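Please read the sequence and the model side by side. The text below goes from the whole chain to single sites.

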Amino acid sequence: MEPTKLLVAIFTLLVLVAHSAAETHFLFWNVETTNITHNCFSANVTTVNGQIPGPTVEINEGDTVVINVTNNANYEISIHWHGIFQFLTNWADGPAHITQCPLNIGSSQIYEFTVTGQSGTFFWHAHNNWLRATMYGHFIVHPAAAPPFGEVAAEYSIISGEWFSQDPNVVELGFIDTLNPVENATVANTINGEPGPLYGCPADTQIFPVTSGSTYLLRLTNAGLNNDHFFKVANHTLTVVRADGNYLQPFDTDVVVITPGQTTDVLLTANQPIGSYYGGVNVAEVPNVGAPPPSTPALVIIQYEGSNSTDSPVTPEFPSMFNLMPVDNYTSFLKGLEPYSLPETVDVELVYVAGIASVNCNASEPCTTKIAGTIQNSTFDDPQNTSVLEAYYNNIPGVFTTDVPDLPPVFEDFTSQPDRNYILGNRGTRTRVLQFNDVVQLVLQNVNAFGILDHPFHLHGHDFYVVGRNYTNFNPDVDPAGFNLVDPPKFNTISIPNGGWVALRFQANNPGVWLLHCHFERHKTWGMEMAFITENGSGANETLPGPLHPPPSCT
Ligand code: C2O
Ligand code: CU
């Protein structure tokens with residue numbers, strides 16, 4: 001080989017090695033109380049490092065993170081890495097009372113885990129009480145292989161959420177131990193933590209510069225507590241390429257629908273006349289009941305190079321929040337880029353009925369009956385003195401039961417009128433045990449007990465294929481024949497349609513305790529959750545090891 005060729009070969013090899021060498025990222029996060037003024041309201045809120053959104057974690061696929069979290073705030077906290085599999089690191093997953101006790105004030109905890117076999121846009125958020133409202137940030141994993149959608153000129157992070165006029169944990173108090181929850185705060189939609197320019201209170205508007213002809217990757221995440229969001233950019237078509245860290249068959253749309261807990265990556269090509277365009281979020285898909293959600297969009301400016309910055313930007317027109325059509329249109333385009341790849345045989349068939357109902361209060365609660373979120377007619381009570389994972393791992397009896405029924409007692413009309421069988425639920429800390437590698441088919445059926453609305457369900461530790469969805473009562477004899485087992489999209493969060501069902505398939509390939517819950521914080525607060533416990537397998541890498549770092553003490 002000629003010397004120059006040899007040098008090129010060595011250099012190429014070095015670059016390859018540099019690229020493939022996994023790194024470990026050491027991060028130090030300080031959870032604190034921060035005074036923030038937005039939308040003309042000041043509130044003391046809980047933040048990571050004083051920022052909303054909090055710090056972005058940005059790593060390459062295969063890297064390890066070691067995040068040392070110190071709680072200097074006024075509340076116990078915990079942090080969840082939403083969408084990250086936590087393969088064999090269930091202890092680092094974070095949901096309070098499920099995989100750890102919440103972190104006491106004044107204490108520290110180390111979350112250590114490696115991200116393998118997944119890439120894209122994820123996020124982290126607090127996973128106790130309503131602290132997620134102000135404790136969230138992006139978790140970006142760059143793929144080992146170049147993405148199919150090609151190079152982009154730049155990437156922009158856009159996280160939507162809500163701003164409450166007071167401490168969100170105080171807002172939560174209006175929602176618990178009562179049959180009649182009260183929204184005791186003014187709520188604004190936010191984008192990257194800011195309500196944006198339309199609220200009539202002085203606010204900074206974030207500007208994203210673009211150059212005519214270039215294409216940009218927008219990483220969209222709905223970190224909001226209680227509302228689905230539409231995302232739009234005035235006059236621009238968006239190309240959807242990835243959701244929840246999984247590539248989709250690309251499609252064009254002028255509006256993106258994102259539920260709390262979902263991430264969606266879209267391409268924006270600057271192909272309109274040079275100028276400024278507003279882009280942002282407004283509330284999507286709300287039932288025509290209850291207090292109206294905030295209806296003012298939260299916007300940023302997409303500003304073309306060479307545009308006159310004194311021109312007022314073009315404003316997008318959002319679809320009506322009461323119209324389900326845009327949601328359905330959008331959903332019908334979601335197809336996976338990779339073909340369906342689970343084993344053919346389904347080992348476990350589950351149909352879970354989920355809805356808002358009531359339960360009787362405990363002796364310690366200041367009520368007789370209260371509003372509840374139920375799955376299989378049962379509301380989930382958090383264990384208080386140990387987490388479910390600690391109880392499972394250490395064989396501590398009496399903490400949880402394993403009796404979530406696989407099917408509803410009868411397949412009835414769950415949706416067209418209030419279903420009397422589901423109005424008063426029962427309570428428990430119920431789980432469903434899965435054997436390692438079980439292929440699970442889980443149909444989530446909406447029930448109309450106290451009204452009806454969609455429920456964005458999130459499964460920890462796994463992605464699932466969305467193989468079916470309809471606005472009907474699920475019929476186990478008929479509907480599975482229509483499932484898409486060719487190119488279904490993969491998500492970690494998906495809405496049970498308003499008055500319908502959604503069918504998921506996943507493989508229980510990750511030993512540990514994995515929460516399934518509605519990602520509307522109100523509903524989770526009301527107990528719309530359960531946990532799967534995946535037992536150890538017998539092969540290598542099929543046994544859950546103990547925690548890498550001591551979990552927070554439970555007292
Ligand atoms: Cu994004 Cu269990 O949470
Ligand atoms: Cu819900």
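What follows describes the overall fold, then the metal site, then several loop residues.

The coordinates are those of a predicted model. The protein contains 32 strands and five helices. Its C-alpha trace extends over about 70 × 60 × 55 Å along the principal axes. The radius of gyration is 23 Å, and this agrees with the value near 24 Å that a compact globule of 555 residues would have, because the globule rule multiplies 2.2 Å by the number of residues to the power 0.38.

Burial and contacts add to this picture. Of the 555 residues, 59% are buried. Among contacts with a separation of 6 or more, 79% join residues that lie 24 or more positions apart. The exposed surface of the protein amounts to about 21500 Å², and carbon and sulfur atoms supply 52% of that area. The protein has 16 positive and 51 negative charges, and the mean positions of the two sets are 4 Å apart.

Next comes the metal site. Which protein atoms are the donors of the copper ion (ligand 2)? They are ND1 of His455, SG of Cys518 and ND1 of His523, at 2.0 to 2.1 Å from the ion. Along the chain these donors follow the spacing H-x62-C-x4-H. Cys518 and His523 are both buried.

Two prolines can be taken together. Pro53 sits in the loop between β2 (41–48) and β3 (57–60). The peptide bond that joins Ile52 to Pro53 is cis, with omega at about -10°. Most peptide bonds are trans. Pro197 belongs to the loop between β10 (187–191) and β11 (207–210). Is Pro197 buried or partly exposed? Pro197 counts as partly exposed because its relative accessibility is 27%, and the partly exposed class runs from 20% to 50%. Beyond its neighbours within four places in sequence, Pro197 has contacts with Thr205, Tyr278 and Leu299. The C-alpha atoms of Pro197 and Val300 are 8.1 Å apart in space, although 103 residues separate them in sequence.

The backbone angle phi marks two further residues. Most residues other than glycine have a negative phi. Asp244, in the loop between β14 (238–243) and β15 (246–253), has a positive phi near 50°. Asn541, in the segment after β32 (529–534), also has a positive phi, near 60°. Where do these residues stand in accessibility, buried or exposed? Asp244 has a relative accessible area of 1% and is therefore buried, the cut-off being under 20%. Asn541 is at 55% and so counts as exposed, for which the value must be over 50%.

The last residue lies towards the start of the sequence. Ala21 is found in the loop between α1 (3–20) and β1 (24–38). With a relative accessible area of 43%, Ala21 is partly exposed. Gly62 is 41 residues away from Ala21 along the chain, and the distance between their C-alpha atoms is 8.4 Å.

Note on methods. Residues are numbered from 1 along each chain as its sequence is written. Chains are lettered from A and ligands numbered from 1 in the order in which they are written. This is a predicted model: local features need pLDDT of at least 70, side-chain atom pairs count only at pLDDT 80 or more; totals for chains, interfaces and linings use all residues. Side-chain values use heavy atoms; hydrogens and water are left out. Helices (H or I, at least four residues) and strands (E, at least two) are DSSP runs, numbered from the N terminus. Buried means under 20% relative accessible area, exposed over 50%, partly exposed in between (1.4 Å probe, protein chains only). Contact means heavy atoms within 4.5 Å. Accessible areas come from the Shrake-Rupley method with a 1.4 Å probe; for residues, only the protein chains shown count as cover. Lys and Arg count as positive and Asp and Glu as negative; His and the chain ends are not counted. The place of a charge is taken as NZ of Lys, CZ of Arg, CG of Asp or CD of Glu. Donors are N, O and S atoms within 2.8 Å of the metal (3.2 Å for Na, K and Ca); water is not among the atoms, so sites may look incomplete.
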